[in-house]
Amino acid sequence: MRLDRFLANLPHLNRQDALRALAEGRVRVDGEAVRDARHEVREFSRVELDGETLQAGKPARYFMLHKPQGCVSATRDAEHRTVFDLLDEPDKHELHIGGRLDYNTTGLLLITNDGQWSRRMTLPGRKLPKVYYVETEDPIEAHYADTFAQGLYFRFEDLTTLPAQLDILAPRAARLTLHEGRYHQVKRMFGHFQNKVTRLHRESMGSLRLDPALAPGQYRSLTAAEINALG
Ligand code: URA
């Protein structure tokens with residue numbers, strides 16, 4: 001909500017009082033004096049007027065989880081454990097996943113209560129690189145790299161995937177960098193060559209790499225630098 005509306009909605013202020021308080025620099029958001037009436041007040045913002053707290057702001061929370069196999073990227077599931085079962089956090093219902101992984105895919109999963117941050121990460125124009133380690137049933141042939149670089153047509157969505165980079169590491173292992181996140185994208189890309197993915201692990205999203213200190217199932221909070229680099 002805009003700051004002027006937030007202030008004018010308070011029972012003891014009308015719109016004129018709100019505009020005057022702003023013009024006089026008496027309003028602070030997150031510790032900084034703000035004069036711009038359009039400044040966005042979020043549920044996480046701390047807002048003060050004349051040193052008095054109007055809204056304390058709830059903490060924004062950001063986690064990286066090393067997702068293990070056999071775990072659903074969802075808040076609840078009738079049959080299987082979910083990634084949220086791995087979190088020992090209060091108010092888990094306020095959290096959501098920024099970029100799901102399939103049931104048997106392992107690796108970097110981001111969980112937050114900040115919807116703006118996670119939406120920014122997945123904006124189509126953002127093209128945040130996501131790096132996957134892939135193992136396959138059959139040998140990975142050199143020509144896959146050209147096809148992935150040109151993009152593959154996905155009939156269901158009626159779209160061509162963005163250029164992806166394939167680095168072949170071993171006959172049946174590769175590193176694949178995608179700049180989008182379509183449904184089962186990696187499996188469908190290898191499926192184009194009838195080559196089944198037998199192991200899939202997300203190593204990084206943008207500049208954020210899965211912390212090697214995290215064993216499967218473990219998680220930690222992101223640092224301020226990590227949050228800013230991605231958001
Ligand atoms: N692509 C897939 O096929 N599965 C994932 O979990 C992530 C990307």
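**Exercise 1. The start of α3**

Which backbone nitrogen does a side-chain oxygen of D114 reach at the start of α3? Then work out which side of the helix faces inward.

*Solution.* Note at the outset that this is a predicted model.

Step 1. Look at the start of α3. A side-chain oxygen of D114 comes to within 3.2 Å of the backbone nitrogen of Q116.

Step 2. List buried residues in the helix. In α3 these are G115, W117, S118 and M121. They span an arc of only 165° around the axis, so they sit on the same side of α3.

Step 3. Recall helix geometry. An α-helix has 3.6 residues a turn, so residues three or four places apart point the same way.

Step 4. Find the cover. The elements over the buried residues of α3 include β5 (62-67), β6 (96-97), β7 (106-112) and α6 (224-230).

Step 5. Zoom in on S118. This residue belongs to helix α3, residues 115-122. Its relative accessibility is 7%, and buried means under 20%, so S118 counts as buried. Leaving out residues up to four places away in sequence, S118 touches H96, G98 and T112.

**Exercise 2. Salt bridges across the chain**

Find the salt bridges, and place the partners of E135 and R188 in the fold.

*Solution.* Opposite charges are the starting point. Side chains of opposite charge can pair when their charged atoms come close.

Step 1. Count. The whole structure holds 18 salt bridges.

Step 2. Take E135. Its side chain meets that of R199 in a salt bridge, with N to O at 3.9 Å. E135 is in strand β8 (residues 130-136) and R199 in strand β13 (residues 197-205), so this pair ties together parts 64 residues apart in sequence. E135 is partly exposed, at a relative accessible area of 25%. R199 is partly exposed too, at 35%.

Step 3. Take R188. Its salt-bridge partner is E157, and the closest N and O atoms are 2.8 Å apart. The pair links distant parts of the chain, 31 residues apart. R188 lies in helix α5 (residues 185-191), while E157 lies in the loop between β9 (153-154) and β10 (159-160). R188 is partly exposed at 25% relative accessibility. E157 is partly exposed at 26%.

Step 4. Take D211. It forms a salt bridge with R220, the closest N and O atoms lying 2.7 Å apart. Here the cut-off of 20% divides the partners. D211 has a relative accessible area of 19% and is buried. R220 has 22% and is partly exposed.

Step 5. Look for shared partners. E43, K58, R61 and E94 are joined into one network by salt bridges that share partners.

**Exercise 3. Around the ligand**

Which residues surround the ligand? How much of its area does the protein bury?

*Solution.* Work from the full set to single atoms.

Step 1. List the surroundings. They are L101, D102, T105, Y132, H184, Q185, V186, K187 and L200.

Step 2. Pick out backbone contacts to ligand oxygen atoms. For H184, a backbone N or O atom is 3.3 Å from a ligand oxygen. For Q185, the distance from a backbone N or O atom to a ligand oxygen is 3.5 Å. For K187, it is 3.1 Å.

Step 3. Read the cover. The ligand taken alone exposes 240 Å², and the protein buries 95% of that.

**Exercise 4. H66 in β5**

Is H66 buried or exposed? Identify its polar partner as well.

*Solution.*

Step 1. Place the residue. H66 lies in strand β5.

Step 2. Check accessibility. H66 is at 9%, which counts as buried.

Step 3. Find the polar contact. A polar side-chain atom of H66 lies 2.8 Å from the backbone oxygen of L214.

Step 4. Add the contacts. Neighbours within four places in sequence aside, H66 is in contact with G107, H201, L210, L214, A215, P216, G217 and Q218.

**Exercise 5. Positive phi**

Where do D30 and D91 lie? What is the phi of each?

*Solution.* Start from the usual case. Most residues other than glycine have a negative phi.

Step 1. Take D30. Its phi is near 50°, a positive value in a residue other than glycine. D30 lies in the loop between β1 (27-29) and β2 (32-33).

Step 2. Take D91. Its phi is near 45°, also positive. D91 lies in the loop between β5 and β6. Its relative accessibility is 42%, which counts as partly exposed.

Technical notes
Residues numbered from 1 in each chain as written. Predicted model: local features only at pLDDT ≥ 70, side-chain atom pairs only at ≥ 80, totals over all residues. Heavy atoms only, no water. Salt bridge = Lys/Arg side-chain N within 4 Å of Asp/Glu carboxyl O. Helix = DSSP H or I, 4+ residues; strand = E, 2+ residues; numbered from the N terminus. Buried < 20%, exposed > 50% of the residue type's maximum accessible area, 1.4 Å probe, protein only. Contact = heavy atoms within 4.5 Å. Arc of directions from axis to C-beta. Polar contact = N/O pair within 3.5 Å; in protein donor to acceptor, adjacent residues only side chain to side chain. Near = heavy atom within 4 Å. Areas by Shrake-Rupley, 256 points an atom, 1.4 Å probe, with all protein chains shown as cover.
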